[in-house]
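Take a moment to turn the model around on your screen before reading on. This short report walks through the overall fold, the interior and a metal site.

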Amino acid sequence: MLVLGIETSCDESSASLVVDGKRVLSNVVASQIDLHKAYGGVVPEIAARAHVESIAPVLAEALAATEERPELLAVTAGPGLVGSLVVGVSAAKAIAWSWGIPMVAVNHLEAHLFAPALEGSLPEMPFLALVVSGGHTLLAQVSSLDDIEVLGQTRDDAVGEAYDKVANFLGLGYPGGPIIDSLAAEGDPRAIDFPRAMLHSGDYDFSLSGLKTAVIRYMARQQSEGKEPPSVADVAASFQAAALEVLVRKTVAAARDRGLADVVIGGGVACNSSLREQLARACDTEGLRLAYTSVGLCTDNAAMVAAVGFMRYQSGQRSGLDADVYPNLRLGEQMPGS
Ligand code: KG4
Ligand code: ZN
């Protein structure tokens, strides 16, 4: 079955053609990074306008991969920025109506965690999922499509948000994740002992905002005490070490406590080379299997939306042309009206 996926939940306009939820024929992503760079983060109004401009050309390019007409439409309906979501969902409704094909509204977080299906590396359920992105940081037990239990999540900033804010503070640019990732490789992760928040909290929750503040305070203290400024690479490496240690340790603990042998990581921060390495090592030690996708499928893209849309279509889900957007949709929550 040929599925057309559409994703516009944040600052990437994307359209993709995927066969049977697995084989990617096209996956076009128009990033708005250059528009938001000057602000150090995504500006919702600018994002919505940019989606309006890019959605038609992105769709045209994705559809050009074959002359066949898609048989199903899958679109992200939440969570995300309301103005951005509306653009994708409106486009999806118009196409589904004019071609007379069914439509399935997709939860963006599910799309991140089922993305390994596109590369044949999705484990059998149940598995443990760590979703780490610019908007989310959570651990969930995925027992079936309709049985996803969130075990813990961040109480404040998402980990990608912490990367972006720290990079912005250090004057490194936007988005901060990939910049800190490569800079950290040149620094000493033990140079500064930043706090590992909630490491021993006994639950699966996270807190990242204190770490960001600790970096800011550390830099201010160095300056006020007239000390030699630390190397930015050392600060980046030490920040990253603190953020990742908690993620890795809690992920492995959750898999062990729940008796789950497979771990999936998804979301933009799952691109991070140290997270992949450290989690792979920790999983290896514990006898767990780890799955993640190549970098292009970790960040926001419509192929992962098409993959989940296909899975949900097969399990009987359909969305009507009255489908809405759900900016605060949670993982494990039933899509309203479907
Ligand atoms: O999943 P995504 O594309 O969008 C959301 O749904 O939020 O994730 C974007 C986030 C940004 O915060 C970005 O800085 C972060 O993912 N990111 C990374 C890396 N690549 C992207 N964080 C750490 N290391 C990376 N290599
Ligand atoms: Zn995302």
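Two residues are in contact when they have heavy atoms within 4.5 Å of each other. Keep that in mind for this predicted model: among contacts in the chain between residues at least 6 apart in sequence, 72% join residues at least 24 apart.

**The chain as a whole**

The secondary structure comes to 11 helices and 10 strands. A compact globule of 338 residues would have a radius of gyration near 20 Å, and the chain has 20 Å, so the two agree. Here are some values for the whole chain.

| Property of the chain | Value |
|---|---|
| Box filled by the C-alpha atoms, along the principal axes | roughly 70 × 45 × 30 Å |
| Share of the 338 residues that count as buried | 54% |
| Accessible surface | about 14,200 Å² |
| Share of that surface belonging to carbon and sulfur atoms | 50% |

**Inside the protein**

Now look at the interior. The largest nonpolar core has 48 residues, and those with the most contacts inside it are L128, V132, V159, F194, F239 and L247. Elements giving two or more residues to this core include the strands β6 (127–132) and β9 (262–266), along with helices such as α5 (159–169) and α8 (232–258). Which element provides the largest share of this core? That is α8, with 13 residues.

V159 is a good residue to click on. Leaving aside its neighbours within four places in sequence, V159 is in contact with V132, S133, T137, L208, A243, L247 and V269. Apart from the largest core lies another one, of 32 residues, with V106, A140, L297 and M304 among them.

**The zinc site**

Next, find the zinc ion (ligand 2). Which protein residues act as its donors? They are H108 (NE2), H112 (NE2) and D300 (OD), lying 2.0 to 2.1 Å from the zinc ion. Along the sequence these donor residues are spaced H-x3-H-x187-D.

The two histidines share a helix: H108 and H112 are four residues apart in α4 (residues 108–114), so about one helical turn separates them. Are they buried or exposed? Buried means under 20% relative accessible area. H108 has 5%, so it is buried, and H112, at 2%, therefore counts as buried too.

What is the geometry of the site? The angles among the four donor atoms of the zinc ion (ligand 2) are 94 to 143°, and the site is irregular. For comparison, the ideal angle for four tetrahedral donors at a metal is 109.5 degrees.

Technical notes
Residues numbered from 1 in each chain as written. Chains lettered and ligands numbered in written order. Predicted model: local features only at pLDDT ≥ 70, side-chain atom pairs only at ≥ 80, totals over all residues. Heavy atoms only, no water. Core = buried A, V, L, I, M, F, W, Y, C linked by side-chain atoms within 4.5 Å. Buried < 20%, exposed > 50% of the residue type's maximum accessible area, 1.4 Å probe, protein only. Donors = N, O, S within 2.8 Å, 3.2 Å for Na, K, Ca; no water. Tetrahedral: all angles 85-135°; square planar, octahedral: opposite > 155°, others 65-115°. Rg over C-alpha atoms; globule rule 2.2 N^0.38 Å. Areas by Shrake-Rupley, 256 points an atom, 1.4 Å probe, with all protein chains shown as cover.
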